[in-house]
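Visitor: I'm new to this. Could you show me a structure and explain the words people use for it?
Guide: Sure, have a look.

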Protein chains: 4
Amino acid sequence: MLLRLRSISSSSANAGENPAEFEPLFELARELGYRTRFLDRERLVLELTRQAGDAGGPADRSRFEDLGCVVSVLDASDAPELTSRTAERGDTVVHIGSTAFGGGSIGLIAGPCAVEDPADLLEIARAVRAAGATVLRGGAFKPRTSPHSFQGGGVDALAALADAREFTGLSIVTEVLDPRDVERVASVADALQIGSRSMSNAALLAEVGATQKPILLKRGLAATAREFLLAAEYVLAAGNPNVILCERGIRGFDNVTRNVLDLGTVAHLKTATHLPVVVDPSHAAGRPDLIAPLAKAGIAVGADGLIIEVHPRPASVHSDGAQAIAPSVFAEIVKSVSALARLEGKIVAAPRASEPSGTTKPREAEETAP
Amino acid sequence: MLLRLRSISSSSANAGENPAEFEPLFELARELGYRTRFLDRERLVLELTRQAGDAGGPADRSRFEDLGCVVSVLDASDAPELTSRTAERGDTVVHIGSTAFGGGSIGLIAGPCAVEDPADLLEIARAVRAAGATVLRGGAFKPRTSPHSFQGGGVDALAALADAREFTGLSIVTEVLDPRDVERVASVADALQIGSRSMSNAALLAEVGATQKPILLKRGLAATAREFLLAAEYVLAAGNPNVILCERGIRGFDNVTRNVLDLGTVAHLKTATHLPVVVDPSHAAGRPDLIAPLAKAGIAVGADGLIIEVHPRPASVHSDGAQAIAPSVFAEIVKSVSALARLEGKIVAAPRASEPSGTTKPREAEETAP
Amino acid sequence: MLLRLRSISSSSANAGENPAEFEPLFELARELGYRTRFLDRERLVLELTRQAGDAGGPADRSRFEDLGCVVSVLDASDAPELTSRTAERGDTVVHIGSTAFGGGSIGLIAGPCAVEDPADLLEIARAVRAAGATVLRGGAFKPRTSPHSFQGGGVDALAALADAREFTGLSIVTEVLDPRDVERVASVADALQIGSRSMSNAALLAEVGATQKPILLKRGLAATAREFLLAAEYVLAAGNPNVILCERGIRGFDNVTRNVLDLGTVAHLKTATHLPVVVDPSHAAGRPDLIAPLAKAGIAVGADGLIIEVHPRPASVHSDGAQAIAPSVFAEIVKSVSALARLEGKIVAAPRASEPSGTTKPREAEETAP
Amino acid sequence: MLLRLRSISSSSANAGENPAEFEPLFELARELGYRTRFLDRERLVLELTRQAGDAGGPADRSRFEDLGCVVSVLDASDAPELTSRTAERGDTVVHIGSTAFGGGSIGLIAGPCAVEDPADLLEIARAVRAAGATVLRGGAFKPRTSPHSFQGGGVDALAALADAREFTGLSIVTEVLDPRDVERVASVADALQIGSRSMSNAALLAEVGATQKPILLKRGLAATAREFLLAAEYVLAAGNPNVILCERGIRGFDNVTRNVLDLGTVAHLKTATHLPVVVDPSHAAGRPDLIAPLAKAGIAVGADGLIIEVHPRPASVHSDGAQAIAPSVFAEIVKSVSALARLEGKIVAAPRASEPSGTTKPREAEETAP
């Protein structure tokens with residue numbers, strides 16, 4: 001059961017900090033056997049749980065509703081609450097290293113699909129940094145359709161990513177697939193990617209929600225916008241507010257593109273949630289010649305960043321090489337995107353002149369004025 | 001059966017004009033009982049037909065293939081040929097009135113979903129002209145899911161459209177649903193719209209192909225890119241090269257937007273066909289607040305124009321009013337789109353300073369340098 | 001505007017026959033300028049129309065609602081009314097020739113995709129009759145994706161179909177594509193097929209609705225159940241109650257079958273409408289090895305018939321040969337289907353022992369007890 | 001790299017048991033640094049792995065191909081191999097407790113969506129056993145779209161399931177969501193369900209593959225048949241051959257059913273894989289009135305079993321109660337399904353007259369004659 005509360009004694013700035021005024025509520029909760037937890041102190045969303053399988057009956061709900069400090073008992077227990085944009089809440093800005101996503105700042109993530117060779121990775125990292133990216137992507141643990149396919153370089157690949165960061169100052173984002181790997185991957189990466197196949201993996205979402213790392217959450221192939229937001233809600237409900245949503249194409253009926261890049265849903269998400277939204281044209285298109293137009297369209301529709309596959313020699317790649325673009329093509333995209341950003345009064349996050357390695361502690365999620 | 005020919009004696013500029021060198025081919029065709037017709041003189045695509053139901057057997061194909069002037073017998077009889085972009089063929093520019101679509105020119109079409117009241121229509125026409133549109137849309141014959149719904153104003157609405165053109169100088173585009181109405185609608189409209197429900201209506205496509213009016217062909221709700229191009233192929237094969245393709249959203253599984261605007265397919269079409277492509281954000285979104293971002297995304301992805309529903313009082317509209325935007329919002333979109341166009345070295349087609357009414361004879365389709 | 005009326009003075013058997021009791025209603029309609037027409041005398045559904053584009057304002061609706069004989073003013077003007085199953089209405093039985101579809105009778109339609117050769121057609125007709133079919137299908141006018149594909153044998157093919165009926169006593173169903181062909185096709189065929197590409201072709205639906213021929217209406221590739229029923233509603237609203245709905249697969253994302261046979265919607269339609277529903281496993285599967293299991297599943301889910309492509313030499317077929325099955329396979333399906341029908345207390349419509357040719361006048365649609 | 005081998009010296013019955021004849025191959029593998037492992041001894045599929053990220057270069061492949069015992073090097077590393085039906089391999093029969101799925105035996109699984117109350121569960125278990133089910137389903141760990149929804153009764157629910165088995169002799173199947181829960185759930189359940197949200201969760205698939213429990217693997221909402229088989233391939237490749245595939249509806253565009261039950265893919269799977277396939281009409285339909293027709297259609301199309309939600313008081317259910325049917329309706333379905341099974345020469349697995357509790361050790365997967 002979720003309760004939305006009102007605070008009478010305190011201003012919205014420090015609402016929920018001194019919960020004394022809610023004492024009657026807490027007392028009733030104790031009497032009825034509920035544990036309480038603020039899911040969102042600022043918006044005063046309180047979770048009440050009792051034993052497993054107990055959603056709270058109508059009689060209990062009614063008693064809570066009668067309290068003066070309770071605005072509403074959220075009966076639709078599955079509505080996105082924490083991720084919803086509300087009048088009093090502006091854009092959330094999420095940082096990967098020093099790169100801001102949201103609030104007028106566009107972040108650019110680039111790199112190979114999978115980390116295959118440390119030397120190659122460093123070459124790509126330098127190339128995408130020179131072209132204007134500030135975050136390096138690269139898969140160490142790869143989600144693959146077949147058990148017989150290349151499953152990623154694992155721990156060795158993590159080390160190669162850390163080395164590439166050391167040498168270039170780029171922040172790094174890499175995917176985590178298994179809840180048991182979260183600690184290990186989080187000890188290296190600046191941000192954790194949850195892939196589209198894992199969007200509904202609640203155990204994994206809870207585990208990354210227990211870190212404070214920024215989470216790049218990709219939309220499932222056939223996920224509705226609501227299901228996508230509720231996946232983010234799992235992370236936020238676990239205590240981690242640093243979620244970046246990523247649209248990467250939904251399953252369609254045609255094969256001229258691998259997936260259907262759903263920019264209408266990106267436009268919708270910008271109205272529905274305070275979280276930043278980035279676009280992945282590479283996995284949507286599945287072919288290199290459409291990356292540039294789709295990247296530009298993503299920024300034009302209002303996305304807060306891009307994630308693009310870049311590889312100097314796409315033909316040699318084990319997995320998903322088909323859609324990688326050369327660094328020179330990526331550099332052209334950065335130029336176009338920067339011009340588009342200016343039209344909207346936004347800026348593309350630029351690399352610091354001399355970024356010292358190691359300063360990759362995530363900042364807390366910020367909030368802009370609404 | 002389609003043959004692709006080569007010309008030895010003549011340059012590509014006048015190829016096919018003097019078909020004397022193809023005499024052996026014509027002789028063989030006559031001997032085997034085929035009628036011949038050039039579907040595309042420039043690209044030397046020749047159609048051979050015999051009686052109904054006769055696609056030509058392997059023996060015949062083989063005899064044609066043996067001729068020196070035959071590059072290939074197009075065995076895959078259902079491939080798009082006339083609509084395909086080829087090395088030697090640049091963008092086709094299609095004009096509605098004086099508004100060019102394609103070849104670096106972006107055309108803007110705006111107006112109400114359906115023509116309901118002549119006075120309202122004139123008010124809207126003046127408003128969209130002031131905001132920067134040069135073509136007025138408005139339905140006289142409406143395709144409706146239910147026979148009990150408002151089916152459009154019919155002939156009276158056509159007259160209202162003609163009046164609006166008279167007073168504003170805007171060109172007009174309106175939908176035709178029935179092959180028996182083509183002549184009547186074409187006598188008034190500057191361009192004919194084929195709606196998404198009619199995309200596979202071969203009888204209607206052939207009928208509008210027999211005119212020289214520009215055809216605004218909307219993609220079917222579940223049509224692949226290939227099926228879309230083959231629908232255009234029906235119009236071109238009937239002799240009318242003036243086709244503008246329109247992406248308006250495909251059927252999806254979510255309902256945050258009415259349809260899924262498929263800009264990946266727009267990007268693909270720009271590589272696959274020489275025809276201009278426009279985007280309809282209104283029917284894709286089905287809600288007014290997403291029209292501006294999707295319109296900008298459409299231009300950023302490379303579309304040659306937009307068609308947008310505008311109505312001063314959306315709430316009062318009989319059909320599809322939900323997604324109409326106010327003229328002031330449309331004016332903002334025109335500004336944004338003009339800025340985007342400049343980034344790409346394109347221009348938004350502007351109204352002539354003093355457009356005389358009546359000069360709406362369609363120009364022939366032009367072709368730019370490749 | 002549609003009104004649902006109640007009759008006080010008369011029994012349901014002859015309700016609406018003597019509309020004297022509705023005189024106050026007709027008077028008000030005249031006063032307000034509406035023309036009236038009973039769309040369904042039995043269920044007392046009355047249509048009121050004024051001028052084009054006039055759906056009737058709230059004030060008018062309110063005045064009609066105040067009348068004692070008016071049960072409701074159907075505000076949702078686009079709801080299926082005539083096709084809806086209601087408490088008082090049992091299954092509609094539609095006959096093609098002497099073959100009943102619905103009301104416990106299962107009709108079997110078989111034949112080639114397209115009529116290509118009169119001798120072949122007769123061979124197939126005899127084979128499917130021997131196997132247990134009572135209706136012969138065969139395309140004379142073919143809907144094709146490409147203008148360069150074989151478009152069907154046209155008038156010659158119609159004559160071949162008539163000959164096959166003469167010799168075998170099978171009834172014949174063939175597709176009509178163009179409203180201008182309806183009269184010509186209807187003069188020969190016992191039933192008219194509206195293909196999936198034409199499901200939303202309102203002009204064509206109205207034209208076949210003006211005949212009394214049974215209409216085999218195929219579901220569009222991406223049509224919802226509601227859109228499908230509203231397409232049938234066009235035919236019923238035009239005065240023809242003889243509609244058989246046909247599920248033939250919707251567009252999906254996989255290619256192991258050409259389309260996704262949506263038997264859940266067949267089950268839904270059996271609850272939602274009084275019209276008979278048949279299943280086309282051939283176009284859904286697109287491969288011969290799945291026809292038998294899907295045909296059985298169609299009958300098990302409650303369909304009132306099947307339409308199956310049969311050809312003695314599938315490899316030689318111009319269009320859609322890939323999924324045709326041999327007559328011997330079809331004969332096995334008939335056996336299985338007959339056994340399934342018995343389990344449900346239904347029967348497969350059998351050929352008459354000595355069917356005289358020419359007795360193919362359609363019977364009127366019947367109605368069973370609810 | 002996968003190799004398919006041929007055995008010259010031994011009959012197919014004991015092929016691969018004495019790998020002496022493959023010694024030259026093993027020697028080459030050692031020389032090149034590969035570890036070897038038979039993925040399937042009977043079909044002689046050998047896996048070669050080296051370090052992470054190393055798929056084997058063309059030079060290596062070529063050297064293996066030159067060996068006499070190598071039929072082929074499976075270059076398409078992502079093809080389903082272990083799950084594929086081949087000429088020499090008949091149906092695999094998988095047992096849950098004593099209930100056989102496949103090889104002419106139809107297994108019936110029934111029970112509530114979630115285990116909510118032990119007394120209720122026992123009531124349902126007795127009712128479904130009386131109606132003819134032999135396996136009880138019931139969720140202890142529930143996959144939920146929202147973190148705020150009821151997540152299942154957890155360990156308490158597992159205990160209730162074990163008790164219900166004790167009292168009724170039914171075998172039990174329940175879902176596992178987290179790889180860290182596999183051991184705990186497997187210690188209680190007779191079979192493990194992998195839900196549709198988890199179909200692509202490779203870590204979870206590998207973990208259940210390390211048990212010998214039968215796995216009920218549900219198809220993902222937008223998974224192709226190939227992706228579905230490759231998910232099963234993960235389980236088989238990990239050493240567990242006991243996989244039952246479950247079709248439960250794919251995401252569609254309409255809402256008359258919650259999902260689209262894809263029986264065409266069931267028919268395809270029966271040709272493509274040797275694994276048993278069951279159908280879940282409850283989650284596909286999402287409404288109780290369509291369960292019976294879809295269950296019958298599932299059996300008619302060739303499924304080896306059904307899984308159906310049954311609850312005596314559906315309205316009181318926390319999750320997914322909407323589609324549960326009453327025990328009496330389920331009993332009718334069992335009767336219909338038994339009659340359908342007889343038509344196909346199959347039988348519905350019946351409860352043993354006096355099933356002793358506790359004898360639920362899974363038998364090994366059997367194989368029928370092809």
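**Around strand 12**

Guide: In chain C, strand 12, helix 8 (residues 263-272) and strand 13 (residues 277-279) form a right-handed β-α-β unit. This is a predicted model, where local features need pLDDT of at least 70, side-chain atom pairs count only at pLDDT 80 or more, and totals for chains, interfaces and linings use all residues. Residues are numbered from 1 along each chain as its sequence is written, with chains lettered from A and ligands numbered from 1 in the order in which they are written.

Visitor: What makes the unit of strand 12, helix 8 and strand 13 of chain C right-handed?
Guide: With the strands pointing away from you, the path from the first strand over the helix to the second runs clockwise, so the crossover gets that name. Strand 11 of chain C, helix 7 (residues 225-237) of chain C and strand 12 of chain C make a right-handed unit too.

Visitor: Why are strands 11 and 12 of chain C called paired?
Guide: Pairing takes at least two bridges found by DSSP, and these parallel strands have four, so they pair. L216(C) sits opposite I244(C) there. Strand 12 of chain C also pairs in parallel with strand 13 of chain C, over three bridges, and E247(C) faces V279(C).

Visitor: What makes strand 12 (residues 243-247) of chain C mostly covered?
Guide: Five of its five residues are buried, meaning 20 or more other C-beta atoms, placed from the backbone, lie within 10 Å of a residue's own. V243(C), L245(C) and E247(C) point one way, I244(C) and C246(C) the other. Side chains in a regular strand alternate between the two faces of the sheet.

Conventions
Buried ≥ 20, exposed ≤ 12 C-beta atoms within 10 Å, placed from the backbone.
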